[in-house]
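Colleague: I should be grateful for a close look at one part of this model, namely its nonpolar interior and the elements that surround it. Please relate the neighbouring charged pairs to that picture as well.

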Amino acid sequence: MVIKVFLASSSGSTAIKKKQQDVVGFLEALKVDYTPLDIACNEDNRMWMRQNVPEDKKPANGIPLPPQIFNEESYCGDYDTFFNAKEDNLVYTFLGLPPPPGSKEAEQADKDNIVENGTHAEENLDDTIVPVEDRNGDSNKEVKQATDENEEGEGDEEEKEGAAKEETAETVGDGAPTEKEEEEAAVEETDEVTEDTEGQAEEEEEQEEEDLQSEEEEELRQLEEEEEEEEEEELEETQEEEAE
């Protein structure tokens, strides 16, 4: 199985460059074999990537941006899904590859299998049993106090998340370009580079044709002038002969 990573070597977006470096660097750190495919210099790569990203995974404008990751012909995901898999220690699962023995992902898979098979069901059940003497009195107070503390902690976290969202909204409102806008600009820049190259080639061909036509016209004009001069000389000679 070959992991394919579609990249843009000449992207003008700093955000896209950083994401590409993050994906490639992490794969190399894990010693995962992959093939980088450039969409900036190869039109076939760009068209293949856009056609094979599932419709429900494409952005609102319908144009997926690099990096995009595939396992052979199977779509794995974009940078955001790759980042989430990395945070959850599920990169091999994300790539459709078996995790190496001894890795965190392999250990987590073993734990999941144990839970699914119910190996420690009795131990978990014993942990949940509360003695009768602890169901009343001071134990209830301690449980209630712990619950209140947890609720307060969750409330503080929600307030922090709300403040972070407000700061992000204020930053966007101040006119700073968002990451999405940078990515869209990078796609437009890639398309413009291709169009400019084609337009420049057409202009050069037209200029060569015009230069060639001008040279032919100049040669024709010179020939006509030479013929006129010869005719005038012949006419003068004839007049001189008649005068004699």
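Modeller: The largest nonpolar core of this predicted model has 17 residues, and those with the most contacts inside it are Ile69 and Leu95. Four elements, β1, α1, α3 and α4 (91–95), each supply at least two residues of this core. Helix α4 provides the largest share, four residues. Leucine 95 itself touches Ile3, Leu27, Val32, Ile69, Asn71 and Cys76, not counting residues up to four places away in sequence. Apart from this core lies another, of seven residues, which include Ala8, Ile39, Met49 and Phe70.

Two of the elements that supply the larger core, β1 and α1, also belong to a right-handed β-α-β unit, completed by β2. Helix α1 spans residues 14–29. The strands of the unit, β1 (residues 3–7) and β2 (residues 34–38), pair in the parallel sense over five bridges. Isoleucine 3, one of the residues touched by leucine 95, has tyrosine 34 as its bridge partner in β2.

Strand β1 also contains lysine 4. With a relative accessible area of 18%, lysine 4 counts as buried, because the limit for that class is under 20%. Residues up to four places away in sequence aside, lysine 4 touches Thr35, Leu37, Gln68, Ile69, Phe70, Glu72 and Glu73. Two names in that list recur from the cores: Ile69 is one of the two residues with the most contacts inside the largest core, and Phe70 is among the members of the other.

The charged end of lysine 4 has a partner. Lysine 4 forms a salt bridge with glutamate 73, and the closest N and O atoms are 3.6 Å apart. This pair links distant parts of the chain, for lysine 4 lies in strand β1 and glutamate 73 in the loop between β3 (68–71) and β4 (74–78), 69 residues apart. The two ends differ in their surroundings: lysine 4 is buried at 18% relative accessibility, whereas glutamate 73 is exposed at 51%.

The structure holds four salt bridges, and a further one concerns two of the helices that supply the core. The side chains of aspartate 22 and lysine 86 meet at 3.2 Å, N to O. Here too distant parts of the chain are linked, with aspartate 22 in helix α1 and lysine 86 in helix α3 (residues 79–87), 64 residues apart. Both α1 and α3 supply at least two residues of the largest core. Lysine 86 is buried, its relative accessible area being 17%. Another salt bridge joins glutamate 55 and lysine 58, at 3.1 Å from N to O. In that pair glutamate 55 is exposed, at 62% relative accessibility, while lysine 58 is buried, at 17%. In general terms, side chains of opposite charge can pair when their charged atoms come close.

As to confidence, the protein averages a pLDDT of 77, and 66% of the residues score at least 70. Over residues 120–126 the pLDDT is below 50, and beyond near neighbours in sequence this stretch has one contact in the model.

Technical notes
Residues are numbered from 1 along each chain as its sequence is written. This is a predicted model: local features need pLDDT of at least 70, side-chain atom pairs count only at pLDDT 80 or more; totals for chains, interfaces and linings use all residues. Side-chain values use heavy atoms; hydrogens and water are left out. Two strands pair if DSSP finds at least two bridges between them. A crossover is right-handed if, with the strands pointing away from the viewer, the path from the first strand over the helix to the second runs clockwise. pLDDT is the predictor's confidence in each residue, from 0 to 100. Contact means heavy atoms within 4.5 Å. Buried means under 20% relative accessible area, exposed over 50%, partly exposed in between (1.4 Å probe, protein chains only). A nonpolar core is a set of buried Ala, Val, Leu, Ile, Met, Phe, Trp, Tyr and Cys residues joined through side-chain atoms within 4.5 Å.
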